[in-house]
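The following briefing summarises the fold, the nonpolar cores and a selection of individual residues. It is intended to be read alongside the sequence and the coordinates.

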Amino acid sequence: MFMVSMDGTIVNVILPTISKEFNIEPSSTSGINVGYLVSLAVFLPVAGWLGDRFGTKKIFLMALGVFTAASLLCGFANNLQTLNLFRVLQGAGGGVLTPVGMAILFRTFSPEERPKVSRSLVLPIAFAPAIGPIVGGFFAEQLSWRWAFYINIPFGIIVLLFGLLFLKEHKEPAAGRLDLPGFVLSAAGFSMLMYALNIGPSKGWGSPVIMYTGFVGFVFVCSFVLIELRVNKPMLDLRLLSDRLFRTLGIISSFSMAGLLGLLFVFPLMYQNATNATALESGLATFPEALGLMVASRMMPWTSKKLGIHQVIWIGLLLTTMIFSVISIVGPTANSWFLRVLLFSVGICLGHTVVAVQFSTFTNITSASMGRATTLFNVQNRIVSAFGVAILASILGAVGTGSVETTGGEPFNLASYQFALLGSAVFLIIALLFALSLRKEDFNAVMSKQVTAKPSHIEPVRRVSG
């Protein structure tokens, strides 16, 4: 899961290097990311059904195998067309892997163990996107852009062997047949929406292609929602949203991740353009945020007991919103240590919210519904995050970013980045408004299970059930 999440940001910083090696315009490399995201959007909604129907172990390892093999092929690609094709294949594996992996974890571990699991999930969900630009920048400058893909291969092989030995198969007898109309509509709708959201800022929202693709994609998604609410065995079980806790925490998670990914998108660009830093240097500038996330995951057991889970969530969002505002005001040329402290604080504050949401979201979800629930959770996060980054990219394009060149170039426009960072803060404010509706009683089941449950016996090597 860490590999898939990191792959979403590691490629961003190597695109200029790829355009030079293939002797193409930088704008032509956008398909490398768009193809991956569109493929991921196609296969993500069906992941839960695949795991339930054919077995979580089988589907997880197949998805991991596809992702690893596609990474090797991406590294061997000798032109843009083949690289785009292999990225689509990589996205297919990544779209299935994460929700099925989460289902395996939350089925295997009891509610009292899930806080520890969620602390580990910070690595793929929040830490990996932050470290991606650093790894990509290092490879682009010191080795080759191809190593941004090759790095997946040894880890993929190790995890495949480990999974074959220790994962235990799990199938849901009541999974039923594939909801074919739902799959067709979701594949068309989500892929078209993802394409429009990612290309819209650069091509222009008034472009006929973007308007047509976005509108038709939206119509398909709305039709998909109506069908899924009517069929007996939907591919994406939207009825799970009737659970208030699952619905509210899913919204909080989506907008929190939109805010975090917005920061990871805007700040490195602002830092590079203001200080003429390299891709690796800009990645290192945001790295304290990832360290803060790790510290937060260690602090969570203490803070949740002292404050309560509901207060941890909204206090984390409130403090992060304030820090985002301060970063936008001081700008990238402020004292470097002051910026590091601010970004480290972002990691600590938002990390508390992310971890608390992770282990609480699936409290009321049964084992039979876990695969569909983790799929729905991931679909929400992906779509809202893509929508958020598209809005921020549009703000940068509308206001204008300028250039760092002092002779013959447009002066650096700090205001555009400041507006974009404040846009990221708005996503956190939306999450905060929903967090304020949470009550202490909503988390009684989580806390009581942690207190009253008897500790389970953990074998030295545990076979993980699906």
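**Helix 4 and its end**

Gly 55 has a positive phi of about 110° and comes just after helix 4. The model is a predicted one. Helix 4 spans residues 47-54, and because six of its eight residues are buried, the rest of the structure largely encloses it. Those buried residues are Ala 47, Gly 48, Trp 49, Leu 50, Gly 51 and Asp 52.

**Overall architecture**

- The protein contains 18 helices and two strands.
- Its radius of gyration is 22 Å, which agrees with the value near 23 Å that a compact globule of 466 residues would have.
- Taken along the principal axes, the box filled by the C-alpha atoms is roughly 70 × 50 × 45 Å.
- Among contacts with a separation of 6 or more, 82% join residues that are 24 or more positions apart.

**Burial, surface and charge**

- Of the 466 residues, 55% count as buried.
- The protein exposes about 19700 Å², and carbon and sulfur atoms supply 68% of this area.
- There are 31 positive and 20 negative charges, and the mean positions of the two sets are 9 Å apart.

**Nonpolar cores**

- The largest nonpolar core has 75 residues, of which Leu 83, Ile 252, Phe 267, Ile 313 and Leu 317 touch the most other members.
- Helix 12 (residues 244-275) gives this core its largest share, 13 residues.
- Another core, of 54 residues, lies apart from the largest one; its members include Ala 63, Phe 106, Leu 197 and Phe 246.
- Beyond its neighbours within four places in sequence, Leu 317 is in contact with Ile 252, Ser 256, Leu 350, Thr 353, Leu 428, Ala 431, Leu 432 and Ala 435.

**The N-terminal helices and helix 5**

- Helix 1 (residues 2-10) is mostly covered, with seven of its nine residues buried. These are Met 3, Val 4, Ser 5, Met 6, Asp 7, Thr 9 and Ile 10.
- Glu 21 belongs to helix 2 (residues 15-21). Glu 21 is partly exposed, its relative accessible area being 43%.
- With neighbours within four places in sequence left aside, the contacts of Glu 21 are Trp 145 and Arg 146.
- The C-alpha atoms of Glu 21 and Asn 79 are 9.2 Å apart in space, while the two residues are 58 residues apart in sequence.
- Thr 68 is part of helix 5 (residues 56-76). At a relative accessible area of 6%, Thr 68 is buried.
- Leaving aside neighbours within four places in sequence, Thr 68 is in contact with Met 3, Asn 152, Ile 153, Gly 156 and Ile 157. Met 3 is itself one of the buried residues of helix 1.

**Helix 12 and the loop that follows**

- Val 266 is located in helix 12. The relative accessible area of Val 266 is 0%, so this residue is buried.
- Not counting residues up to four places away in sequence, Val 266 touches Leu 392, Tyr 417, Ala 420 and Leu 421.
- Val 266 and Leu 284, which are 18 residues apart in sequence, have a C-alpha to C-alpha distance of 14 Å.
- Ala 277 occupies the loop between helix 12 and helix 13 (279-307). Ala 277 is buried as well, with a relative accessible area of 12%.
- Tyr 271, Gln 272 and Ser 282 are touched by Ala 277, not counting residues up to four places away in sequence.

**Helix 15**

- Gly 351 sits in helix 15 (residues 336-361). Gly 351 is buried, and its relative accessible area is 0%.
- Apart from neighbours within four places in sequence, Gly 351 is in contact with Leu 293, Ala 296 and Val 346.
- Gly 351 and Leu 167 lie 29 Å apart in space, C-alpha to C-alpha, and 184 residues apart in sequence.

Conventions. Residues numbered from 1 in each chain as written. Predicted model: local features only at pLDDT ≥ 70, side-chain atom pairs only at ≥ 80, totals over all residues. Heavy atoms only, no water. Helix = DSSP H or I, 4+ residues; strand = E, 2+ residues; numbered from the N terminus. Rg over C-alpha atoms; globule rule 2.2 N^0.38 Å. Buried < 20%, exposed > 50% of the residue type's maximum accessible area, 1.4 Å probe, protein only. Contact = heavy atoms within 4.5 Å. Areas by Shrake-Rupley, 256 points an atom, 1.4 Å probe, with all protein chains shown as cover. Lys, Arg positive; Asp, Glu negative; His and termini not counted. Charge placed at Lys NZ, Arg CZ, Asp CG, Glu CD. Core = buried A, V, L, I, M, F, W, Y, C linked by side-chain atoms within 4.5 Å.
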